[in-house]
Amino acid sequence: MDLFYITSFVLSIISASTPLLLAASGELITERSGTLNLGVEGMMLIGAIAGFATAHDTGSALLGVLAAAAAGIAISLIFAVLTQTFLANQIAAGLALTIFGHGFAALLGAGYVGIAAPTLPKLAFPLLSKIPFFGPVLFNQNILIYFSFAILACISWFLRKTHAGLILRAVGDNHDAAHAMGYAVLKIRYGAIAFGGGMAGIAGAYLSLYYSPLWSQDLASGRGWIALALVVFSAWRPYWLLAGAYLFGGITYLSLYLQGLGVLIPAPLISALPYFGTIIVLVLISRDRRRTRLNQPACLGKSFHAVV
Amino acid sequence: MFRLEPRGERSTFWTYGSPVLAVLLTILTMGAIFAVMGAPPVTAIETFLISPITSVAGLSALAVRAAPLIIIGVGLAFCYRANVWNIGGDGQFTLGAIAGGGLALLFPNEAFWWFYPVVLVTGILGGMAWAAIVAALKLRFNANEILTSLMLVYIAQLVLVWLVTGPWRDPHGFGFPQSAMFSAGATTPMIFSGTTIHLGCLLAPLLAIVLWQVMARSVLGFQLRVVGQAPRAARYAGFSNARLTWIALLVSGGLSGLAGIIEVTGPVGQLTTSITPGYGFTAVIVAFLGRLHPVGVIFAGLLLALSYLGGDAAQINLNLPNAITGIFQGVLLFYLLGADILILYRLKRVNPAAPVTENS
Amino acid sequence: MDSTTPPPTAAPASDPLLILRGIVKQFPGCLANDHVDLTVGRHEIHALLGENGAGKSTLVKIIYGVMKPDAGTITWDGKIVTIANPAQARALGIGMVFQHFSLFEALTVAENIALGLNNPEDRVGLYDRIVDISTRYGLPLDPKRAVHDLSVGERQRIEIVRCLLQNPKLLIMDEPTSVLTPQEVQKLFGTLRRLAAEGCSILYISHKLEEIRALCERATIMRLGKVTAHCIPSEKTARELAELMISAKLKTQNFGARAVSSHAPRLVLDRLTIRSNQPFGTDLKDISFAVAPGEILGIAGIAGNGQTELMEALSGEIPAGSPKNILLDGIEIGHEGPMARRKRGCCALPEERNGHGAVGGMTLSENGFLSANMRGALQRLGLINRKRTRAFAAGVIERFDVRTTGPEAEARSLSGGNLQKFLIGREVVQQPSVLILSQPTWGVDAGAAAAIYEALVALAKGGTAIVIISQDLDEILMLCDRIAVIAAGRISPPVKVMDATIEQIGLLMGGSRHQEPEHVPA
C-alpha cells in the first residue's frame, strides 16, 4: 500500500469517527451530571435536518451548524423538563425523544428530500496542508473535525481541572449531598442535558452537511445509540471516548471497505458490522461489574426531588 | 408559582386520569401543528383521528393495525414491570417473521392443518431466540439490555435484507427484494369473511387477558412486580433475578416473534424488506400509555393503530406527510410522562414573595 | 481559629449568637416544627435533645438554609436574617456536619472539602491548609485519598475539617457520635471543647443523654415538633432529661433474666467467610457463634463494619461458601437461598425498610406475602391466595396495633414506626425458629419500640433464637442475653451482657486500631 492509500484510509476513519465523537462527548457530560438521555439518536436527526434546512435556505453551512446546535438544545430541553421537573422515568423519556425526533425530522425534511445544500468548508492551513500524509490528515480538514478534538480536550480539562467540573461530577455522584451543600442540582442538570443536546445536534449537522450531504430519514442509522454505547465503553472518561470513537470509525470504514472489495460475505451482513461491534464492546467492557460500578456516576438515571 | 408536593401514596384518580389528560393535550398540540402546517386544525384532526374509523373497512383496518401493537405491547409491559428494558421488539418481530416465514418457504406445499400452528410456534421461538441473546448478555456479561436489544434490531433488519435480496429472493419476483408468497397452508386464517380481520386480531386481546391474570394473580407475576419495583426486596424474599429476567425477556421476545409471524403470514403475505413500520418502537409507547397493564395496552394499541391510519388518511386527503404519525406518538408519550407526575405528587400553589413571615 | 475573639462571657444568653423565634415548618401530614424557640450563646456548647422524629433535624436544616421555615424569625449576631441557602449560611459563619454525611464517594478528600468552600480564594493552597487544620485539631486526614476508601470516623473528620476551614462562628453537629467508638467520642469531645474555648459556638444534636450531660452547657429539649424545656443538662439526671424528651412517662424496661436453655443451639455459624457483594462493602472473615433456643444475641458495632453483609449472609441473600458454615437446628443451610431458609424457619428482617424489607409501592397484603408466602401458606398452585393473604396482613395489623387504613394501604403511606411494627409482626407471626433483625427500632418512636421489644421477648420465651444486629448499644444492653461486637468483618466471642463493660465493648468496636484507654462516661 502506498502513501496515498494510507492517507485516504486514515481520512476515512477520521470522517466516520467524528459524528460519534461529537455526540458521545455531549452525552458524556450529560451522564456525568447523573442523567441518562437515551434520545441521542432523535436529537441527532433533529440537528441534521435543522442544519440541512438552514444551510440550504441561507446558503451558509456554518449557520446550519449553529441552527443544528440550537435545535439539539431546544429538543433536549423537552427531555430536561420531563425528567428533571416532572421526574419522569429517564429511559422512557429518552425513548420518547428518539421517537419524536424521527417523526419531527421526517416532517421538517419532507420538503428537502433529494436536494443539495452547501457543505461544510475545510480549513486548510497554508503550506502545512501540503505536507504529504500529515498535511491532509492534520491540516486540511473539515472544521467540525478540529472542533471535535478541541471540545474533547476542553471537556477533559473542565472535568479534571475546574471547580465547575468538580461540581458537575459531585452532582452526578450524590445529588442529595450536592443539594445539602447548596448546589442547584436541577439547574446544573438542565445545563448538562442542554450541552448534550447541542453536541448531538452538531453531530447531526456533520452528517447532513458533510458526511453524506443529502437529507434522508435514515441518516443517523443508529449512530446515536452507538454513541451511547461508547460512553459506557469509555467508562465516562473523555480520552477513552476518543479511543472508542476511532475504534468504531475503523469498524465502519472496514465494513465499507469490505463491501467495496466485494468479498464473499453479503453486503447487508457486512453493514451489520458496527452493530455487532457495539455488542461485543459492551460485553467486553461491562463484564467487570465492580469496575463499571466504580466509574459510573452513582446517580445515573435517578430522579432528584428536593424537599424545600 | 407552583410546587410539587409528594402525596405519600398513589392517586387512583390520576393513574387513570393521566393518560386521558395526555391524549387530550396531544390532540390540542396536533391541532396547533396542523395549523402551523397550513391545514385547518379541526378538519385535520377529524381526518386524522375520526375519519379512518367511520366505516367497517376502517374498523377492520384498525383491528389489523392494532393486533401486532397489542401483542408486542403486552409482552413489553410484562417485561418493563420487571424493570427489564427490552426495546428491541422490532428485532424480535423480524426474527419471528424470518424463522416462521423460513419454515413456510421451506415447505411451500404443506397443507396439513397443523402446519400453520407449527409456523406460528417457530415464529415465537425465533423471537425468543433473539431476546435470549439479550438475556444471556445481560446476565452473563452485565451488558445493558437497552443497547444490546437495540443493536439487534439493526442486525435483524440487515439479516432480513440479506435473505430477501439473496437466498430467499423469489425467483419469479422480477428481482424485487421479496420472497415468494406464502402458501395457503401457511397463511393466517381470516375470522370474518368480507373483512381483513384475521386470527391475530382475536389472539391479541386474548393474550392480553391471559397476561393480565398472570400479572395479577400468580406468584410469578408478583415476583416480577417486586423485582421491578424493589430489586433488593426481591433478593430479600429470595426471588431469583436471573430467572425472572429470562422469563421477562423470553415472554416479550416470544410475543414479538408471534406478532411478526402473524403479520408476514397475514397482511403482508411474504417476506419483504419492510415488514414493520416500527411496530416494536410504537409498542413501547403502547405499553406505557396502557400503564404497563395488559388491559390498558389493548386501548393504547387501538389508539396508536389509529395514528397509523390517521397518518395515511392525512397524507391522502390533506397532502400532509405521514411523518405526522411519529409526531403524534412522540408528543403523546411526552405528555403522558409529564402527566404521570400527578400520580405521586400534587401541585401546590406557593407564594414565592413571602416564604418567611414575621412571628405568627 | 480566630485568636482575636474575646474570652467567653459568663452569661451567654445576654448577647446570644443565634436566636430562633416561633419557627414553624409543616410537612404533608406532619408538623415538624411547631413554634420552636432556640437561643445559642457565644462560646457555648448547646444541646438540642430529642427523640427520632422530634423535629431536630428539620430545625437545623432551617438554620443551615437547606429548608425554608413557614413562619418565624432567625436572629444572627443581633440582626434578623433570612437564610436562603447553605452558601449564605456558610457566608454568615454557620458550618454543619450532617448525620448522614454529605460526602461524594467517588471524589477525593480535597475535592470534597473544596466543594464546601464557596470563595475561590478559600480554595488556594487547600492541601496544606487541610493538613494544617487536621493536625492542629487532632483530626488526621490525607487530602489525596478517595472517600470510598475511608472509614466512617475519617469521613466525619472530612466534614469537620470542611467546616473549620471557613472559621465558623457556629458549628452544627447532627448526631455525630452514632458512628464513633466510645474512645473516638472522647477525642471528638476534646476537639469540640477546644473549639468552643477558641470562640466557636456549637449546636450539638443528639438523643444520647449521658453525652449531653458530659459535654453541653445548656440544652433545648424537643418533643413532637415542640420545645418542651430549656435547661442546664448537668443539673438534671439522665432520667429527668429522658422524661422531658419522651412523650410517655419512661417505663422502666426490665425484661428480667430469661432462663437460657442448655439445649443444643438452634443457629450455629462456623467459620463463615464471604466476600461482600457491594463495591465498597466489608468482607466477612471467620465468623463463628452459636445461639441457643430462647436466647437473644446482640451484635454491636459501628456502621459499615460488615453488619449488612452479616445480615445478608444469615438471611441467605449472599450464600455461604459451604453448606457447613451455617447450621439451623443441626441442618446445614449455608448454600440455601432466602426462600429455602425461611421455609425451614429461619426468618430475617434487614435494617432498610423501604425497598429491602418492604416494597413501598405495594400494599400491606402484598408486603405480607413477600416474606410469609411459604410459612403462611398464602399461595396455592402458583397462584396467590388473596383471601388468606389479606387475612394474614389483617392479623398482623390487629395483633401489633399498626395504625393504618387496612391491609390494602400502601406500605409507603405508613409512618416509619408503624411500618416497622408491621414488618416485625410479619416475621414474628410466622413463628420462626431463628429470627435475625437489623436495627429493629431505627427511626421508630418510643412507643413502637417498646411494643417491638415486648414482642421479641415473648418470641424468645417461646424458644426462638434471636439475633439482633444494632448500633444502639443501649438497646442491646437492655434486651440481649449475650453481646458480640463486629469490627472490620470479624466478630468477637460473645460475652454475657451483665459481664460486659462499656470500655471493653468500645475497644472491640474500634477493632484492631489501638486506642489509649480514656475515661468513659458510664
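Colleague: How far apart are the end C-alpha atoms of helix α1 of chain B, and what span should its 25 residues have?

Modeller: This is a predicted model, so let's check the helix by its length. Helix α1 of chain B covers residues 12-36, and at 1.5 Å a residue its 25 residues should span 36 Å. That agrees with the separation of its end C-alpha atoms, which is 37 Å.

Colleague: Where in α1(B) does the kink lie?

Modeller: Look for the proline Pro19(B) in this helix. Shortly before Pro19(B) there is a kink of about 35°, and the residue where it lies is Ser18(B).

Colleague: Which elements help to cover the buried residues of α1(B)?

Modeller: Start with the buried residues themselves: Trp14(B), Ser18(B), Pro19(B), Ala22(B), Thr26(B), Met30(B) and Phe34(B). An α-helix has 3.6 residues a turn, so residues three or four places apart point the same way. The cover over the buried residues of α1(B) includes, from chain B, α2 (41-50), α11 (279-289), α13 (324-339) and α14 (341-344).

Colleague: Which helix gives the most to the largest nonpolar core?

Modeller: That core has 390 residues, and Ala48(A), Leu230(A) and Ile172(C) have the most contacts inside it. With 17 residues, the helix that gives the most to this core is α9 (residues 185-211) of chain A.

Colleague: How many residues of domain 2 of chain C are in contact with domain 1 of chain C?

Modeller: Chain C is assigned domain 1 (17-245) and domain 2 (267-352 + 432-509). Their centres, taken over C-alpha atoms, are separated by 32 Å. On the domain 1 side, 12 residues take part in the contact, and on the domain 2 side the number is 11.

Note on methods:
Residues numbered from 1 in each chain as written. Chains lettered and ligands numbered in written order. Predicted model: local features only at pLDDT ≥ 70, side-chain atom pairs only at ≥ 80, totals over all residues. Helix = DSSP H or I, 4+ residues; strand = E, 2+ residues; numbered from the N terminus. Expected span 1.5 Å × (residues − 1). Bend = angle between axes of the 7 residues up to and from the residue. Buried ≥ 20, exposed ≤ 12 C-beta atoms within 10 Å, placed from the backbone. Contact = placed C-beta atoms within 7 Å. Core = buried A, V, L, I, M, F, W, Y, C linked by C-beta atoms within 7 Å. Domains from an automatic or database assignment.
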